[in-house]
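Here is a short tour of one protein model, written for someone who would rather look at a fold than at a list. Keep the structure open beside the text as you read.

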Amino acid sequence: MFIKSLSVANFRNYDIEFITFSPNTNIIYGNNAQGKTNLLEAVYLFSHGRSHRAKSDTEMIRFGKPFMKLSLEFSDSVRDYNAAMQLSSNGKKQIQINNVPITKLSMLMNYLNVVMFSPEDLELVKGSPSVRRRFMDEAVSQLYPNYLSHLISYHKALAQKNSLLKALRLTGAHTDASLSVWNEQLAGHAAVIMRFRQEFLAAMDGLAAPVHAQISRENLKLLYTPNLDCGIIEEEGFAAAIYEKLEQRQAREIDAGSAQYGPQRDDFRLLINENDAKTYGSQGQQRTAVLSLKIAETEYIRHVKEEYPVLLLDDIMSELDVNRRMFLAEKIKNKQVLLTCTDSDLPAGTENASLFYVEGGKIKR
C-alpha cells in the first residue's frame, strides 16, 4: 500500500499545502507545534473516518474558516484511489472515494490501511480498558467492515437499553418487557464482536510474542478478558448464552441505572513472563510490549490483505532507546513510512529518505 500525495486546505494550522510522498521512508521534521503531526492525522482520517486525537471533528478546521478540505491519492496492489473529504463548521462531513460518495463509516474502512505509532501508545499498557478496546476495534474494523457494522449496531441498541434502565431506576420498577427485547438484540451483536476480538487477539499473540522475544528475550502473552463469561465463544449457541446471562442480571442493571455487562466492558491483558505488564512492568518493558504490539499489528494486516499497511510514526524515535530504535528501523524497511521528528532527532540513514521540513504550517521539501 502506497500513499502518493496529500492535499490540505484550512486544516489545523495549514492554509493550502500539497505534499508528494516517496514509496519508502518520508521524514517530516521541524520544531514542535509547527504542524508535523497534523499531516499524519490527515492521512489517518482516510483510514478510520475520524481523528486519532480530536474530540470533535470541527477542531480540525482552521480557526476562522468555514470548512476544511483534504484529498489523498493512494494505491494498493490492485488499483489506484483518489479520496476527498470536506468538513463544514456545522459538522457536516462529505467523503468520496474515486468520486463515489461514502455515506457510512463501514463503507470507508478497508480502502486505506495504516498503523499509527505515537508516544500515547504507552497507554495501551498503562491506561484504562477503554484504550485497549479502542485498539482492538480500530485494528479489526479497518480490515473487516462487518465487525464495524455490528459494533455500531451494538452501541445504538446499548444506548436505548441504558435510557430504559435509567428510567426504570428512577421509577423504582423491577423489570420491563422491553429489556428482554434489547437484550436479545445486544446478544446477537455481542457474539459476533467477541468472536472477532478473540480471533484478533489470538493472531496478535502469535505475532507479538516472537517480536517481543527478539527485543528483550522475555515472554509476552496477550490474554482476552471478556466481561461476560458465557462458555466457548466459537459455539453455535453462544449468542443465546449471552442473552440468558443478561436476562439473569436485569435486577442488578436496573439498580445501577445502566448496562453493566457486555463487550463495552471487555479488556485484554499483557503478561510479561506471566506477570501483568500494567502492574509489574518497568517503563522499558512496557515500551517494548507496545512496540511489539504495533509491529504485530503491521504483520497482521499484511497477513489479511497480503500487503503491508502505511506506517505513521509520530515522534516515536525520541521515546525509544538506541536498541529499540535500531530494531524498529529494521522492521520498517521495505514499507512506506511517514515519520515525524524534531530537527535534533533526525534518525540515521536520512540520505535514503525523502525529507520535508515543516514550519508554521508550511512544507518545504
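The protein chain contains 11 helices and 15 strands; helices (H or I, at least four residues) and strands (E, at least two) are DSSP runs, numbered from the N terminus. Its radius of gyration is 22 Å, close to the 21 Å that the globule rule gives for 365 residues, so the chain is as compact as a globular protein of that length. The radius is taken over C-alpha atoms, and the rule is 2.2 Å times the number of residues to the power 0.38. Along the principal axes, the C-alpha trace spans about 70 × 55 × 35 Å.

A word on the model: it is predicted, local features need pLDDT of at least 70, side-chain atom pairs count only at pLDDT 80 or more, and totals for chains, interfaces and linings use all residues. Residues are numbered from 1 along each chain as its sequence is written, and side-chain values use heavy atoms, with hydrogens and water left out.

Of the 365 residues, 51% are buried (buried means under 20% relative accessible area, exposed over 50%, partly exposed in between, with a 1.4 Å probe and protein chains only). Among contacts between residues at least 6 apart in sequence, 71% join residues at least 24 apart; a contact means heavy atoms within 4.5 Å.

Now for the strands, where two count as paired if DSSP finds at least two bridges between them. Strand E1 (residues 2-11) and strand E2 (residues 14-20) run antiparallel and are joined by six bridges. They form a hairpin with two residues between them, and Phe11 stands opposite Tyr14 in E2.

Further along, three strands make an open antiparallel sheet in the order E9-E10-E11. Strands E9 (220-225) and E11 (275-276) stand at the edges with a single partner strand each, so one side of each has no neighbour in the sheet. Six bridges link E9 with strand E10 (residues 267-272), and Leu220 has Ile272 as its bridge partner in E10.

Which residues have a positive phi? Most residues other than glycine have a negative phi, and these three are worth finding on screen:

| Residue | Phi | Place |
|---|---|---|
| Arg12 | about 55° | turn of the E1 and E2 hairpin |
| Arg217 | about 60° | loop between helix H6 (177-216) and E9 |
| Asn273 | near 50° | loop between E10 and E11 |

Arg217 counts as exposed at 78% relative accessibility, whereas Asn273 is partly exposed, with a relative accessible area of 35%.
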